[in-house]
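Student: I should like to take a close look at one part of this protein, namely a single contact between charged side chains. Please then set that contact beside other features of the chain.

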Amino acid sequence: MGRLLTLGLLGVALALLGERMLALRNRLKASREVESVDLPNCHLIKGIEAGAEDIDILPNGLAFLSVGLKFPGLHSFAPDKPGGILMMDLNEEKPRALELRISRGFDLASFNPHGISTFIDRDFKNTVEIFKFLEEENSLLHLKTIKHELLPSTNDIVAVGPTHFYASNDHYFSDPFLKYLETYLNLHWANVVYYGPNEVKVVAEGFDSANGINISPDKKYIYVADILAHEVHVFEKQPDMNLTQSKVLPLDTLVDNLSIDPSSGDIWVGCHPNGQKLFVYDPNNPPSSEVLRIQNILSEKPTVTTVYANNGSVLQGSSVASVYDGKLLIGTLYHRALYCKL
């Protein structure tokens, strides 16, 4: 009787593990292949060989790129090189990527940027780093390091003030093993946090893995990408900085970072058609890339267009797409970056 009970429990456990593994493969879109959608006027950006995970562009055309991300479980083409911040002036005929010098006293050796957001101030272990851009010197002055127990696994931020921001936590835990368990069991414990000097609070929760986050041009709505649920969430921002869910847009891909076209309000999304290829890297079958443009997301029927797609022969693991004045920058988790004229 005891052996039968043991065998029965073992059978249930194996069945549960099998079901969870199958569910994870589905969330990773492990069987999906992408059909190429090319853009005619594109070239790879010189000097970016190990990823530009996130990009943010100022209204004056200065683009800031966070490069060199090392993420547990992901491949890296430069595992021993620290990350950095690059800048491109998109007003130039042939813009170049220039590395910004960071002020003394900042720990450059351990710098591993994951997500970037800018805020224009007219007056002037898992951490959020705040820098001031010194335009005349093409350098960054490190101002502050922010740590908080409600920021255990920060993926991306969107600045809404000099030291105020919304942050997405892609996991509830910070421990790598507990993160894996959280993902494997599909617990939906990821969240979004509002951080201000006088208040820090969870403002949205229940995500599979909250990823890219951004704000509408009129500052009324917050957009959040849930990468493993293949969704973009729309929240209305309240006067007390709380968020009220407005709608959810389902997509057939793993949505990473979200960028906003300030002139139209369109959302540009860097996506991963097949997430399994990101974590099980095969140079003969590399991860593909995909860029979506979402128009009129607040309407009943938003328009979703595939602007660019590649099977990995040119660009592997696209994570962000940002536009400025008819120019498009596409960054990746750990590969190259692309500059296109639309």
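Which side chain meets that of Lys 201 in a salt bridge, and what is the N to O distance?

Tutor: The partner of Lys 201 is Glu 199, and their side chains meet in a salt bridge at 3.4 Å, N to O. The model is predicted, so local features need pLDDT of at least 70 and side-chain atom pairs count only at pLDDT 80 or more, whereas totals for chains, interfaces and linings use all residues. Residues are numbered from 1 along each chain as its sequence is written, and side-chain values use heavy atoms, with hydrogens and water left out.

A salt bridge here is a side-chain nitrogen of Lys or Arg within 4 Å of a carboxyl oxygen of Asp or Glu. The two members of the pair differ in burial class: Lys 201 counts as buried because its relative accessible area is 15%, while Glu 199 is partly exposed at 38%. The classes are set as follows: buried is under 20% relative accessible area, exposed is over 50%, and partly exposed lies in between (1.4 Å probe, protein chains only).

Across the whole structure, the search finds 10 salt bridges. Among them is the contact of Asp 266 with Arg 293, whose side chains meet at 2.8 Å, N to O. This pair links distant parts of the chain, 27 residues apart: Asp 266 lies in the loop between β17 (254–260) and β18 (267–272), and Arg 293 in strand β19 (residues 289–295). Strands (E, at least two residues) and helices (H or I, at least four) are DSSP runs, numbered from the N terminus. Asp 266 is buried, at 5% relative accessible area, whereas Arg 293 is partly exposed at 27%. Another of the salt bridges joins Glu 137 to Arg 101, with the closest N and O atoms 3.8 Å apart; here both Glu 137 and Arg 101 are exposed.

The covalent link may be considered next. The structure holds one disulfide, defined as a pair of cysteine sulfur atoms within 2.5 Å. Cys 42 and Cys 340 form it, with an S to S distance of 2.1 Å, and the link is right-handed, with 110° about the S-S bond. Cys 42 is partly exposed at 27% relative accessibility, but Cys 340 is buried at 0%. Cys 271 is likewise buried, at 0%, and its sulfur is too far for a bond because the closest cysteine sulfur, in Cys 340, is 15 Å away.

On the surface, Phe 177, Leu 178, Leu 181 and Leu 185 make a nonpolar patch of about 330 Å². Patches consist of residues with over 30% relative accessible area and no salt bridge, like charges being joined within 9 Å and nonpolar side chains (Val, Leu, Ile, Met, Phe, Trp, Tyr) within 5 Å. Accessible areas come from the Shrake-Rupley method with a 1.4 Å probe; for residues, only the protein chains shown count as cover. Leu 178 belongs to helix α2 (residues 176–184) and is partly exposed, at 32%.

Finally, four strands form an open sheet in the order β2-β3-β4-β5, with antiparallel pairing. At its edges stand β2 (52–57) and β5 (98–99), each with a single partner strand, so one side of each has no neighbour in the sheet. Two strands pair if DSSP finds at least two bridges between them; β3 (residues 62–67) and β4 (residues 84–89) pair over six. Within that pairing, Phe 64 has Met 87 in β4 as its bridge partner.
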